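Trainee: I have a new structure open and I'd like some help reading it. Could you walk me through a few features?

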Amino acid sequence: MGISFKRWVTNPDSWGAVASIFGFVLLWYVLTAVLRLPRFDKLPDPVAVVTAWLSPNPPDGLSIFTSVYYMDILYSVVRVLVSFALATVLGVGLGLLLGWSRVFFDYAFPLVETLRPIPPIAWIPLAVLVLPTTEMGVIFITFIAAFFATVLNTLLGVQSIDQVYFRAAKCLGSRPWDVFRHVVIPGSLPAIFTGLQVAMGVAWISLVAGEMISGQAGLGYLIYEDYSNLQFVNIVIGMLTLGLLGYGSSALVRLAGKRLMTWESRRRGVGA
Amino acid sequence: MSVRGLGPDAGPKAGPDAKAGGDISIREVTKIYDPDGIHVVAVERCSLEIAAGEFLVVVGPSGCGKTSLLNVLAGFEDLTDGEILLDGKPIAAPGRPVEPGSDRIVVFQNGALFPWKTVLENIVYGPMVQRRRELGRARQAARNLLAQVGLEGIEGSYPAELSSGVQRRVEILRALINEPRVMLLDEPFRGLDAVAKSVMHQFLLDLFERTRLTMFFITHDLDEAIFLGDRVVVMTTRPCCPKLVLQVNLPRPRDHRALGDTRFLELKRAALEAVHEEALKAFRAGERELA
């Protein structure tokens, strides 16, 4: 991000990335179209996938020219964004509070630690049965894992702040709110963004699980529906789309982190 | 408003300044830690008078309890017995809640500049949170301070982009802008190489000449202690209390030539003996603890 395409292409560092993607596609092609090993012959080869993906008249009804493709993307993206935003606000808030107040930590941390390991998939039945709409159920499931990843990393971030900064801040005349704003928040930002990266990843994972089981649209639903209809090409298109969206959303989180933590990237600049 | 002795409206040499105060009276202070029932007496019945505008250096073996004394002085920890007065007013006594304040600012062992703030943001932090002056004026004062010590041009840098010597100087300026009555320095030049250390010594001596702030400086480097201080107090090993007080009669302003002065060498000899004795005691106590 932030560098021009031309510089990216001419930079030898990015050739490795191109080579590995090319190698993967080549291997996929050889296994499915050339060697046609047992079990691999069921898989669509990359040429078939790309042809269908880019075709104005796709045989299985899914390509970049069909509106259903964009509807599914839109549903999934909006669900992830809403869940991720909720997880960020509530997760960072709860994590900061846990790290900031010893008393609150003693009360709330055991509860958080008990609920945290419950896999998002285990939440599906309750979420669907209890929440008024299926849509809310899917968003809740997407939210829950992202939320705990954010809480835990934020808490660890606050706890990792060197005590000396709290002392220095008090010496210089800070009130509790100043310490919170100028020490606790910036001091835990690197860990918060690590948490948000993880949260974005698990949000996509749980989203697909939620959509497969209870959704009416979205990429997870698309993959599941094409599974029932044995439309292999569409399954692969759905998977690759998920991969690209996941990559892009993580890159956005990284970019936001970089913007907010200039001191971190500049330090790396000096060390290099 | 400008920092005393450094601003344009200060006299050429402020000298000891009655208004600013900075007179510390440590009376029979005892500090006992009791982690998990293990009774550790860090400081015992320690009394020490520090005059306003005095540069006092405390020397003692590692772990002797001198940092505990500083923490109590700074208001980071409460004391078990005794009291501490600053300009006649009690700042620490048993049962009294601990309260750090910008009248006695600590410069920490490993540096405590906020890594997420630029040099300028670090220096104006005190005035900003104390809301003592308008931020624009605080920024101007910070720039003036930097310029006066030859550090202009680094305002926008983050601490990690600077050498540790420059970081320490910025940290001292961050303390100074608050016009503290006392500076508490806890081995602030530890870990710097010899060259950076000698630059820092000159920097601190120049600053002291101009401000005459009360300095409470902890070190275990004897050369540093005698070179900087008006008085050097050698502490006993745990529990910590003064063992030997040396009046340093080297004239000020001082520079590196003082290090070769015969008076310097005599003081060092006297201090070395006391420090060595305590170091041996600490070593034997350590052996006993291990046995």
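Trainee: Let's start with the salt bridge of A:Arg167. Which residue is its partner, and how far apart are the closest N and O atoms?

Mentor: To read one, you look for a Lys or Arg side-chain nitrogen within 4 Å of a carboxyl oxygen of Asp or Glu. Keep in mind that this is a predicted model. Here A:Arg167 pairs with B:Glu77, and their closest N and O atoms sit 3.7 Å apart. Between chain B and chain A, the count comes to two salt bridges.

Trainee: How many residue pairs are in polar contact across the interface of chain B and chain A?

Mentor: The rule finds seven such pairs, with both residues at pLDDT 80 or more. On the chain B side, S6 (104-107) and helix H3 (125-130) each supply at least two of the residues that touch chain A. H3(B) gives the largest share of that side, five residues. By type, the side divides into 15 nonpolar, nine polar and six charged residues.

Trainee: And how much area do chain B and chain A bury between them?

Mentor: Buried area is what two parts lose in accessible area on being put together, summed over both. For this pair it is about 2300 Å², with 66% of it on carbon and sulfur atoms. B:Trp116, B:Tyr125 and B:Tyr158 supply 28% of the area that chain B buries against chain A, more than any other three residues. As for who takes part, the contact draws 30 residues from chain B and 23 from chain A.

Trainee: Now take A:His182. Is that residue buried or exposed?

Mentor: Check the relative accessible area: under 20% counts as buried. A:His182 has 7%, so it is buried. You'll find A:His182 in helix H9 of chain A, residues 176-214. Leaving aside neighbours within four places in sequence, A:His182 touches residues of chain B, namely B:Trp116, B:Lys117, B:Tyr125, B:Met128 and B:Val129.

Trainee: What about H5(B): why is that helix described as largely enclosed by the rest of the structure?

Mentor: Count its buried residues. Eleven of the 13 residues of H5(B) are buried, so the rest of the structure largely encloses this helix. Among them are B:Val166, B:Ile172 and B:Leu176. The buried residues pack against helix H8 (163-171) of chain A, and also against several elements of chain B, including helix H4 (135-148) and helix H6 (194-211).

Trainee: What span should H5(B) have?

Mentor: At 1.5 Å a residue, the 13 residues (164-176) should span 18 Å, and the end C-alpha atoms are 18 Å apart, which agrees.

Notes:
Residues are numbered from 1 along each chain as its sequence is written. Chains are lettered from A and ligands numbered from 1 in the order in which they are written. This is a predicted model: local features need pLDDT of at least 70, side-chain atom pairs count only at pLDDT 80 or more; totals for chains, interfaces and linings use all residues. Side-chain values use heavy atoms; hydrogens and water are left out. Helices (H or I, at least four residues) and strands (E, at least two) are DSSP runs, numbered from the N terminus. The expected span of a helix is 1.5 Å times one less than its number of residues. Buried means under 20% relative accessible area, exposed over 50%, partly exposed in between (1.4 Å probe, protein chains only). Contact means heavy atoms within 4.5 Å. Buried area is the accessible area (1.4 Å probe) that two parts lose on being put together, summed over both. A polar contact is a pair of N or O atoms within 3.5 Å; within protein, one must be able to donate a hydrogen and the other to accept it, and residues adjacent in sequence count only if both atoms are side-chain atoms. Ala, Val, Leu, Ile, Met, Phe, Trp, Tyr, Cys and Pro count as nonpolar, Asp, Glu, Lys and Arg as charged, and the others, Gly among them, as polar.
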